[in-house]
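Let's take a walk through this structure together, one feature at a time. Keep the 3D view open as you read.

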Amino acid sequence: MSWFESLVLGLVQGLTEFLPVSSSAHLRLTAAFSGWKDPGAAFTAITQIGTESAVLIYFRKDIGRILAAWSRSLADRTMRKDPDARMGWLVIVGSIPIGVLGLTLKDQIEGPFRDLRVTATMLVVVGAVIGIADRLAARDEKGGRHRAPKQRKALEDLGVKDGLIYGCCQAMALVPGVSRSGATISGGLFMGYRREAAARYSFLLAVPAVLASGAFELKDALESDHVAWGPTLFATVIAFASGYAVIAWFMKYISTRSFMPFVWYRVALGIVIVALVTAGVLSPHAAESAG
């Protein structure tokens with residue numbers, strides 16, 4: 001992998017990680033369109049450490065409170081009723097599905113799931129799901145001619161059942177094209193949560209899963225001679241900087257705006273990929289992973 005490739009891929013990772021468009025799909029597609037080798041699942045996981053570091057810094061006050069309250073709740077059972085302590089436990093609960101499936105499906109994640117036909121299908125299908133969830137949320141927020149606006153749930157209303165459902169939605173993002181934020185936020189909207197609440201829990205829920213995945217891949221990479229460490233670490237830094245900017249913008253955007261621009265983008269991109277693969281312009285299978 002060249003330094004220029006790492007710059008471009010780091011920017012792609014940071015710009016798309018928190019938007020409902022699938023960062024793993026865009027990394028795969030950027031390499032395919034540019035004629036580069038597939039950066040691979042390990043590169044994706046390691047650079048995601050950069051974007052999750054941006055989450056840690058952006059939500060540092062929330063995360064600090066949650067960690068402090070959760071730690072105290074280990075010894076003091078009465079603390080488990082504290083909202084921050086509960087959130088700590090709910091993040092753990094919500095992380096179980098992706099942890100189990102990530103280990104179980106590791107070979108598929110690094111192989112068959114990276115087929116561009118799978119990516120294109122997920123872009124279109126999940127895009128439609130996000131669009132339906134967005135319309136339902138808008139209907140509740142605005143009401144109608146004969147219907148008053150409906151109060152949607154806040155994070156304080158989150159329980160174990162909803163946390164597990166969020167977790168299952170997050171686990172779907174193991175397939176390129178799904179989008180971690182797209183799956184979890186739309187899942188939250190379907191369950192009746194406000195847009196900001198769904199996004200905030202989505203970002204918090206991603207922290208342990210992504211850091212654990214990155215650490216797991218990092219361990220394997222340290223034992224391998226096929227990782228270009230300079231470009232990979234450079235891409236991780238670029239992903240951190242661009243990711244932080246996107247979080248700040250996205251949290252403001254979702255408070256008043258629709259997800260429909262992202263939905264149309266996903267559907268259009270999926271159709272273009274299918275057309276290019278069908279025409280033989282793009283190979284559906286990944287080239288040998290870049291080192």
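**Salt bridges across the chain**

In this predicted model, the side chains of Arg200 and Asp62 come together in a salt bridge, with N and O 2.5 Å apart. The two partners come from distant parts of the chain: Arg200 belongs to helix α10 and Asp62 to helix α4 (residues 60–75), and 138 residues separate them. How accessible are these two partners? Arg200 is partly exposed, at a relative accessible area of 28%. Asp62, with 16% relative accessibility, counts as buried because buried means under 20%. The pair also has company, as Asp62, Arg65, Asp84 and Arg200 are linked in a network of salt bridges.

The count of salt bridges comes to eight, so there are others to visit. One of them joins the side chains of Asp115 and Arg117, at 2.8 Å from N to O. Here Asp115 is buried, with 10% relative accessibility, whereas Arg117 counts as partly exposed at 44%. Another salt bridge is formed by Arg152 and Asp140, whose closest N and O atoms are 3.1 Å apart. Because Arg152 sits in the loop between α7 and α8 while Asp140 is part of helix α7, this pair ties together parts 12 residues apart in sequence. Both Arg152 and Asp140 are buried.

Stay with helix α7 for a moment, which covers residues 116–142, and look at Lys142. Is Lys142 buried or exposed? At 68% relative accessibility it counts as exposed, since the cut-off for that class is over 50%. For a sense of distance, compare Lys142 with Leu105: they are 37 residues apart along the chain, and their C-alpha atoms are separated by 41 Å.

Next, turn to the backbone. Which residue in the loop between α1 (3–16) and α2 is worth a look? It is Ser22, which has a positive phi of about 80° although it is not a glycine. Ser22 is also buried, with a relative accessible area of 2%. A second serine, Ser179, has a positive phi of about 90°, and it too is not a glycine. You will find Ser179 in the loop between α8 (160–171) and α9 (180–190), where its relative accessibility of 4% makes it buried.

That loop leads on to α9. Why is this helix described as largely enclosed by the rest of the structure? The reason is that 10 of its 11 residues are buried. Among the buried residues of α9 are Arg180, Ser181, Gly182, Thr184 and Leu189. Just after α9 comes Gly192, with a positive phi of about 95°.

Arg180 also brings us to the largest pocket, since Arg180 is one of the residues that lie nearest its centre, together with Gln48, Ile109, Leu174 and Ser213. This pocket holds about 640 Å³ of space, and 32 residues line it. Which helices supply at least two residues each to the lining? They are α2 (23–34), α3 (40–58), α5 (83–104), α6 (106–110) and α10 (195–222). The largest share, seven residues, comes from α10, the helix that also holds Arg200 of the salt bridge with Asp62. By class, the lining of the largest pocket is made up of 15 nonpolar, 11 polar and six charged residues.

Methods
Residues numbered from 1 in each chain as written. Predicted model: local features only at pLDDT ≥ 70, side-chain atom pairs only at ≥ 80, totals over all residues. Heavy atoms only, no water. 1 Å grid on protein atoms, 1.4 Å probe; cavity = no way out; pocket = protein on both sides within 12 Å on 5 of 7 lines; lining within 4 Å. Points joined across faces, edges and corners; volume = space filled by probe spheres on them. Helix = DSSP H or I, 4+ residues; strand = E, 2+ residues; numbered from the N terminus. Nonpolar A, V, L, I, M, F, W, Y, C, P; charged D, E, K, R; others polar. Buried < 20%, exposed > 50% of the residue type's maximum accessible area, 1.4 Å probe, protein only. Salt bridge = Lys/Arg side-chain N within 4 Å of Asp/Glu carboxyl O.
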